[in-house]
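Biologist: I'm new to reading models like this one. Please pick a single part and take me through it slowly, neighbours included.

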Amino acid sequence: MKAVVCTRYGPPEVLRLEELATPVPRKNEVRIRILATAVTSSDCYVRGLNLSPAYRMMARLALGWNAPRQPVLGMVLSGVVDSVGPDAKSFEVGDRVFGFNQHRFGTYAQYVCWPEDGLLAARPANLTDDEAAAIPYGGLLALHFLRKAGVRAGRRVLIYGASGAVGTSAVQLARHLGAQVTGVCSTANVDLVASLGAATVIDYTREDFTDQATRYDLILDAVGKRKSAAALRRCRQVLAAGGACVSVDDGTPTLRREDLVLLGELTTKGEIRPVIDRTFALDDIVEAHRYVDNGHKRGNVVVAVT
Ligand SMILES: NC(=O)c1ccc[n+]([C@@H]2O[C@H](COP(=O)([O-])OP(=O)(O)OC[C@H]3O[C@@H](n4cnc5c(N)ncnc54)[C@H](OP(=O)(O)O)[C@@H]3O)[C@@H](O)[C@H]2O)c1
């Protein structure tokens, strides 16, 4: 099969297209023929180890010292089950699925084997594979952090970084939960964030939300602490009594299969929709990583696998 291998930690050019043996599913695994994946900001962190020294050390211990032990990166997929292990009962050959696997990687390839009880669910029938690959990463992270912060109907919620993968999902999910949503993004993304259901959009290149009179029950930093730290330093002064400020970098999220199923249902009902910035071919993975490394993608960068 065709797969992209990460030969060492470094810039996008460390990624190389190679021929690898097609994996065979073990007892409780299913093999998926991948039709689309995504280049996420997490993929870029893993490839480049662009982390603080303490986190870099921990990442090397967890992932491999000089290069990832699992050389095929990629956490997201949409595709079709094409083989099942002898004991796997949850899926059948031909099932259309989408999913996310934070720890096993392997989706920058034509095939991957995942445990049947992993974060894998029926792909929403109204989506293409490219669209389905744009749902799990931002959707699962946004759901985790919105829940952690106790978002519910009537809450005034500000999403900082409303145009990224996590941000576009957070805006839509918070609106779905009945919150009154304010999105913060740059000028080029104001219309997009409004179209996702933000009642108010603040362009951070023109206005500072911490200077304004509006108070929020929750501020969700969907950018990440290293980039958002300066902007959020004063956020406590616009929190309502009992309000909270939560960052996507606060702890390791708990991602659940039932939430993937929920995201599929919400997508089918039109409550949330995938946001795709650009789609690349697997052969152009280096270019896709360069693009995501810039840190200003709109929603998701998808990779079509043919
Ligand atoms: N806790 C965990 O385990 C975990 C897991 C995954 C990700 N994360 C965190 O989640 C973050 C977001 O992921 P993502 O995939 O949604 O990222 P993304 O798609 O790259 O989006 C980031 C957004 O942030 C905005 N932005 C970039 N620099 C900014 C700045 N200096 N000030 C204000 N806004 C800025 C950009 O919008 P504009 O173009 O409009 O500026 C961009 O759309 C990651 O960077 C990482 O820190 C944490």
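Modeller: I'll start with one helix and its packing partners, then move on to a space inside the protein.

This is a predicted model, so some care is built in: local features need pLDDT of at least 70, side-chain atom pairs count only at pLDDT 80 or more, and totals for chains, interfaces and linings use all residues. Residues are numbered from 1 along each chain as its sequence is written, and side-chain values use heavy atoms, with hydrogens and water left out.

Let's settle on helix 4, which runs over residues 136–148 (a helix here is a DSSP run of H or I with at least four residues, numbered from the N terminus). One partner is helix 8, residues 257–268. The axes of helix 4 and helix 8 come within 10 Å and cross at roughly 110° (axes are lines fitted to C-alpha atoms over the stretch in contact, with angles from 0 to 180 degrees between N-to-C directions). That makes helix 4 roughly perpendicular to helix 8 (65 to 115 degrees). Helix 4 and helix 8 cross in a right-handed way (the near helix is turned clockwise from the far one by less than a right angle).

Which residues do the touching? From helix 4 come Pro136, Gly139, Leu140, Leu143 and Arg147, and from helix 8 come Asp259, Leu260, Leu262 and Leu263 (contact means heavy atoms within 4.5 Å). Sorted by class, that contact has 6 nonpolar, 1 polar and 2 charged residues (Ala, Val, Leu, Ile, Met, Phe, Trp, Tyr, Cys and Pro count as nonpolar, Asp, Glu, Lys and Arg as charged, the others as polar).

Now look at helix 4 again, this time against helix 5. Their axes come within 8 Å and cross at roughly 55°. So helix 4 is oblique to helix 5, and the crossing of this pair is right-handed. On the helix 4 side you'll find Tyr137, Gly138, Gly139, Leu141, Ala142, Leu143 and Leu146, and these meet Ala165, Val166, Ser169, Ala170, Leu173 and Ala174 of helix 5. No charged residues turn up in this contact, which has 10 nonpolar and 3 polar ones. Notice that Gly139 and Leu143 of helix 4 are listed in the contact with helix 8, and also in the contact with helix 5.

Helix 5 leads us to the empty space. Searching the whole structure turns up 1 cavity of 30 Å³ or more (points on a 1 Å grid where a 1.4 Å probe fits but cannot get out, with lining residues having an atom within 4 Å of a point). About 90 Å³ of space lies in the largest cavity. Its lining is made up of 13 residues, and nearest its centre are Ile135, Ser169, Gln172, Ile272 and Arg273. You've already met Ser169, as one of the helix 5 residues touching helix 4. Helix 5, residues 165–176, gives the largest share of that lining, with 4 residues. By class, the lining of the largest cavity splits into 7 nonpolar, 5 polar and 1 charged.

Technical notes. On a 1 Å grid over the protein atoms alone, a cavity is a set of points where a 1.4 Å probe fits but cannot get out, and a pocket is an open set with protein on both sides within 12 Å along at least five of seven lines; lining residues have an atom within 4 Å of a point. Grid points are joined across faces, edges and corners, and a volume is the space filled by probe spheres set on the points. Helices (H or I, at least four residues) and strands (E, at least two) are DSSP runs, numbered from the N terminus. Angles under 35 degrees count as roughly parallel, over 145 as roughly antiparallel, 65 to 115 as roughly perpendicular and the rest as oblique.
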